[in-house]
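Okay, thanks for coming, everyone. Let me put the structure up on the screen and then walk you through a few spots.

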Amino acid sequence: MKKIMSTILILAMLLALASCAAKTEQEAVSPEPEQAQETVVEEPVAEPAEKVAVKVAAMKGPTGMGMSKLMEDNAINATANEYTFDLFSAPDELTAKLVTGEYDIAAIPTNLAANLHKKTEGQIQLLALNTLGVLHIMQNSPDGQLISDLSELKGKTVYATGQGSNPEYVLNYLLRQSGLEPGVDVTIEYLAAHDELVALAATGEVEYCMLPEPNVSVLSNKNADMKAAIDLTEVWENSNAEGVLTMGCLVVNKAFADANPDAVKSFLEEYAASVDYVNSDAAAAAELIVKYEIVGAAPVAQKALPNCNIVCITGDEIWPAIEGYYKVLFDAQPASVGGAMPESGMVWAG
């Protein structure tokens, strides 16, 4: 009996040892308990900034031509701001709308900018210079013999447009620099519109006229005998006049600019890029200029572009370029620039 009990005890011990060994082996091969997963917090995606709505007005012709690529970019939603563009044929169509703040930015003649700055007590400010000299003396010359100096206009009649604005004051100043008194030594007949003068000169009844581009190109296409005899930009430069002959500019409503400075800076960057495009690819630019009805025909726009002197002068470069020109206008007719000599404070400070 004792022998049987001993055997049972031995077997029990062996089973206990086997169980412990198995448990130890299982613990050795068991995987580590899973670590707690980290919670990933996703950052909220920022909504794209809402575009600022900017109402822009421009004149047909050179003053608005540099804007054509910007108009195209806006049409395909590739601009920083959301622009609305309106075009005008004459400055007086636009003046009242600028005074009442209907437009935020506009491309207008430089003398009108000075007038509006004075009239609105500084609410219309100069933003950029965008068009330099575009005026030419045209001559009806079937034999190709052209005058080369304004002094040769003595005793002649010159038909022109732009009475009471930049063209009249520039012509009078340059005639006087050439020793001629307007209205005494030279008769000047002013017509109301460029198209009216082009139609008259195309008949061959006009010997001399003054027109800006692109009307110079329009007229030469209509009548091959009407040729550009004198580039008044060259005459200006040779007259030692101070400042740059600057026919067109951009202005901004001060209240809008002060409330939306980043939008105005974005506009200037996009406008500068548009000007670069227009000046670098006349053929492509001409198509856009016609598409947006700034000029009527692509061949005319392409022919005129090299003589339109389209620029984008901004910031600290504006006043040194325009001050001398304003002085010429002021000396010629104080009312042309608002009755007082414009000051650098009319430039938007940014």
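**A walk around the model**

Let's begin on the outside: asparagine 77 is exposed, with a relative accessible area of 58%. Before going on, please keep in mind that this is a predicted model. Asparagine 77 sits in the loop that runs between α3 (68-75) and β2 (82-88). Its backbone is worth a look too, with phi near 60°, a positive value in a residue other than glycine.

There's another asparagine to put beside that. Asparagine 240 has phi near 65°, again a positive value in a residue that isn't glycine. You'll find asparagine 240 in the loop between α9 (232-238) and β10. Is asparagine 240 buried or exposed? It's exposed, and its relative accessible area is 69%.

While we're on backbone geometry, there's a cis peptide bond to point out. It joins glutamate 213 and proline 214, and omega is about 5°. Proline 214 belongs to the loop between β8 (208-212) and α8.

Now to the aromatics. How many aromatic pairs does a search of the whole structure find? The search gives 7 aromatic pairs. Take tyrosine 83 and phenylalanine 85: their ring centres are 5.7 Å apart and their planes are at 40°, so that pair counts as tilted. In case you're wondering about the cut-offs, planes under 30 degrees apart count as stacked and those over 60 as edge-to-face, with the rest called tilted. Both tyrosine 83 and phenylalanine 85 are buried.

Then look at phenylalanine 267 and tyrosine 271, a stacked pair with 5.9 Å centre to centre and 20° between the planes. Both of these residues lie in helix α11 (residues 261-280), 4 residues apart, which is about one turn of the helix. An α-helix has 3.6 residues a turn, so residues three or four places apart point the same way. Phenylalanine 267 is buried, and tyrosine 271 is buried as well. Put it together and ring pairs link Tyr83, Phe85, Phe267 and Tyr271 into a cluster.

Rings come up with lysines too. The charged end of lysine 55 sits over the ring of tyrosine 103, 5.4 Å from the ring centre. And lysine 69 lies over the face of tyrosine 277, at 5.1 Å from the centre of that ring.

Okay, on to the pocket. The largest pocket holds about 1200 Å³ of space. It has 44 residues in its lining, and nearest its centre are Met59, Lys60, Ser89, His194 and Asn215. Several elements give two or more residues to that lining: α2 (62-65), α5 (110-119), α6 (166-177), α7 (194-202), α8 (215-222) and β10 (246-253). Which element gives the most to the lining of the largest pocket? That's α7, with 4 residues. As for chemistry, the lining residues divide into 23 nonpolar, 15 polar and 6 charged.

Let me stay with one of those helices, α6, for a minute. It has 12 residues and reaches 16 Å from its first C-alpha to its last, close to the 16 Å expected at 1.5 Å a residue. Of those 12 residues, 10 are buried, so α6 is largely enclosed by the rest of the structure. Among the buried ones are Glu168, Asn172 and two tyrosines, Tyr169 and Tyr173. Just after α6 you come to glycine 179, which takes a positive phi of about 90°.

Last stop: two places where the chain comes back on itself. Glycine 66 is in the loop between α2 and α3, and it is buried, with a relative accessible area of 0%. Glycine 66 and cysteine 312 are 246 residues apart in sequence, yet 8.8 Å apart in space, C-alpha to C-alpha.

The other place involves valine 328, in helix α14 (residues 318-332). How does valine 328 end up counted as buried, at what relative accessible area? At 11%, and buried means under 20%. Its partner here is glycine 243: valine 328 and glycine 243 are 85 residues apart in sequence and 9.0 Å apart in space, again C-alpha to C-alpha.

That's my tour, so over to you for questions.

How values were computed
Residues are numbered from 1 along each chain as its sequence is written. This is a predicted model: local features need pLDDT of at least 70, side-chain atom pairs count only at pLDDT 80 or more; totals for chains, interfaces and linings use all residues. Side-chain values use heavy atoms; hydrogens and water are left out. Rings of Phe, Tyr and Trp (its six-membered ring) pair if their centres lie within 6.5 Å; planes under 30 degrees apart count as stacked, over 60 as edge-to-face and the rest as tilted. Buried means under 20% relative accessible area, exposed over 50%, partly exposed in between (1.4 Å probe, protein chains only). A charge sits over a ring if NZ of Lys or CZ of Arg is within 6 Å of the ring centre and within 35 degrees of the ring normal. On a 1 Å grid over the protein atoms alone, a cavity is a set of points where a 1.4 Å probe fits but cannot get out, and a pocket is an open set with protein on both sides within 12 Å along at least five of seven lines; lining residues have an atom within 4 Å of a point. Grid points are joined across faces, edges and corners, and a volume is the space filled by probe spheres set on the points. Ala, Val, Leu, Ile, Met, Phe, Trp, Tyr, Cys and Pro count as nonpolar, Asp, Glu, Lys and Arg as charged, and the others, Gly among them, as polar. The expected span of a helix is 1.5 Å times one less than its number of residues.
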